[in-house]
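Work through the exercises below with the sequence and the coordinates side by side. Try each task before reading its solution.

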Amino acid sequence: MLKKTKSWKTFFTMVHWSLRRHSSWVQLAGHEGNFKPSEGGQILKKFSTVESACLEALMGDALRPYVPAYHGVVVKEGECYIQMDDLLRGLDTPSIMDCKMGVRTYLEEELTKALLKPTPRKDMYQKMVKVDPSAATAEEHSQGAVTKPRYMQWREHISSTASLGFRIEGVTIEGGAVQKDFKQTRTQEQIIDTFLTFTKRRESILRAYHSRLESMRSTLQESTFFRTHEVIGSSLLFVHDRQGRANVWMIDFGKTLPAPPQLALRHNVPWTQGSHEDGYLIGLHHLTHTLQAAWQRLGLEEVPAPSEP
């Protein structure tokens, strides 16, 4: 039902739990054991020390209204899980979009380790040429392999991650098939098309999302957590249903680490190796303007020039 993937997507699993709550829940292929269903409108996610610490800290931070409520750690069938609210509870056939935030989705230490030992990887070469056969160099074609740093940086640049500070990971509309073919979606026009399809061109949904992002941006500026953490690989989860209820949530904090104490992260400047900048506010800025541009496409109002992130 779902193509095998190593980078599981939280919202895919959430969709199937919510729609099949009283039958067998569907687990992403290759990631059995990461999730378990729970009772009382909650879900269980396989324990991560990093994510658990982040969620616990966020419960006392200004960002609490923008993240799933955290209910501690539970043990089930001998495994530890993080218990949190099911963000789809009570929604009528929800539509969901996952946008991964930031100008990079890998930790600096991941790149450093890979650069110290740049071993050619056949699996990463195969992933690259499957998306774009012309992406590999003549030498890489002859080896049938690419190094991990080369693959990681290529992956960010073929999507909108490097240019806009976010990328679409997946979409499902009213419980339909999960769409994941967004690896080369990189222009604002392509993303506008996706948002209009996702919202079925409903002005009220677009406005609700825009309002939530603007509110989130203000809160991020006040957040102690955001000021002191490098937010990598985190997503914004866009959710709306047939009744017009819409919300956006910050999810996935497994790579969100405290920044070195001597650094004052700005989150709105390009990343250079060693800076620990994530570009989260760059992505939020472009997402907000993309929603405004979607209104313009509908002929609803003029789009003002975007402010600085």
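The exercises that follow deal with the nonpolar cores, the charged pairs, the aromatic rings and two buried charged residues.

This is a predicted model, in which local features need pLDDT of at least 70 and side-chain atom pairs count only at pLDDT 80 or more, while totals for chains, interfaces and linings use all residues. Residues are numbered from 1 along each chain as its sequence is written, and side-chain values use heavy atoms, with hydrogens and water left out.

**Exercise 1. The nonpolar cores**

Task: Find which residues have the most contacts inside the largest nonpolar core, and state which helix gives the most to this core.

Solution. Begin with the term: a nonpolar core is a set of buried Ala, Val, Leu, Ile, Met, Phe, Trp, Tyr and Cys residues joined through side-chain atoms within 4.5 Å. Buried stands for under 20% relative accessible area, exposed for over 50%, and partly exposed for values in between (1.4 Å probe, protein chains only).

Next, look at the largest core, which has 47 residues, and in which Leu220, Leu236, Phe238, Met250 and Leu287 have the most contacts. Helix 11 (residues 280–298) gives the most to this core, contributing eight residues; helices (H or I, at least four residues) and strands (E, at least two) are DSSP runs, numbered from the N terminus.

Then follow Met250 outwards, taking contact as heavy atoms within 4.5 Å. When its neighbours within four places in sequence are left aside, Met250 touches residues including Leu63, Tyr66, Val67, Met216, Leu220 and Tyr280. Finally, a second, separate core of ten residues can be located, with Met128, Val129, Ala135 and Trp154 among its members.

**Exercise 2. Salt bridges**

Task: Determine which parts of the chain the pair Glu110 and Lys255 ties together, and which residues are joined into one network by salt bridges that share partners.

Solution. The criterion for a salt bridge is a side-chain nitrogen of Lys or Arg within 4 Å of a carboxyl oxygen of Asp or Glu, and the structure holds 17 of them.

The side chains of Glu110 and Lys255 form one such bridge at 3.2 Å, N to O. Glu110 lies in helix 3 (residues 108–116) and Lys255 in the loop between strand 11 (246–251) and strand 12 (257–258), so the pair ties together parts that are 145 residues apart in sequence. Glu110 is partly exposed at a relative accessible area of 22%, and Lys255 is likewise partly exposed at 29%.

A further bridge joins the side chains of Asp123 and Arg121 at 2.9 Å, N to O. Asp123 is partly exposed at 27% relative accessibility, as is Arg121 at 30%. The network is made of Arg155, Glu156, Arg167 and Glu169.

**Exercise 3. Aromatic pairs**

Task: What are the distance of the ring centres and the angle of the planes for Tyr106 and Trp271, and for Phe195 and Phe238?

Solution. Rings of Phe, Tyr and Trp (its six-membered ring) pair if their centres lie within 6.5 Å, and planes under 30 degrees apart count as stacked, over 60 as edge-to-face and the rest as tilted. The structure holds seven aromatic pairs.

For Tyr106 and Trp271 the centres are 6.0 Å apart and the planes stand at 85°, so the pair is edge-to-face. For Phe195 and Phe238 the centres are 5.4 Å apart and the planes stand at 80°, so this pair is edge-to-face. Phe195 lies in helix 8 (residues 188–199) and Phe238 in strand 10 (residues 235–240), so the pair ties together parts that are 43 residues apart in sequence. Ring pairs also link Phe195, Phe198, Tyr209 and Phe238 into a cluster.

**Exercise 4. Two buried charged residues**

Task: Describe the surroundings of Arg104 and Asp241.

Solution. Arg104 is found in the loop between strand 5 and helix 3 and is buried at 0% relative accessibility. Its side chain meets that of Glu108 in a salt bridge (3.9 Å, N to O), and it makes a polar contact with the side chain of Glu230 at 2.6 Å. A polar contact is a pair of N or O atoms within 3.5 Å; within protein, one must be able to donate a hydrogen and the other to accept it, and residues adjacent in sequence count only if both atoms are side-chain atoms. Beyond neighbours within four places in sequence, Arg104 is in contact with residues including Glu156, Ile232, Trp271 and Asp278.

Asp241 lies in the loop between strand 10 and strand 11 and is buried at 1% relative accessibility. The side chain of Asp241 makes a polar contact with that of Arg245 at 2.7 Å. Leaving aside neighbours within four places in sequence, Asp241 is in contact with Leu91, Asp92, Thr93, Pro94 and Arg202.
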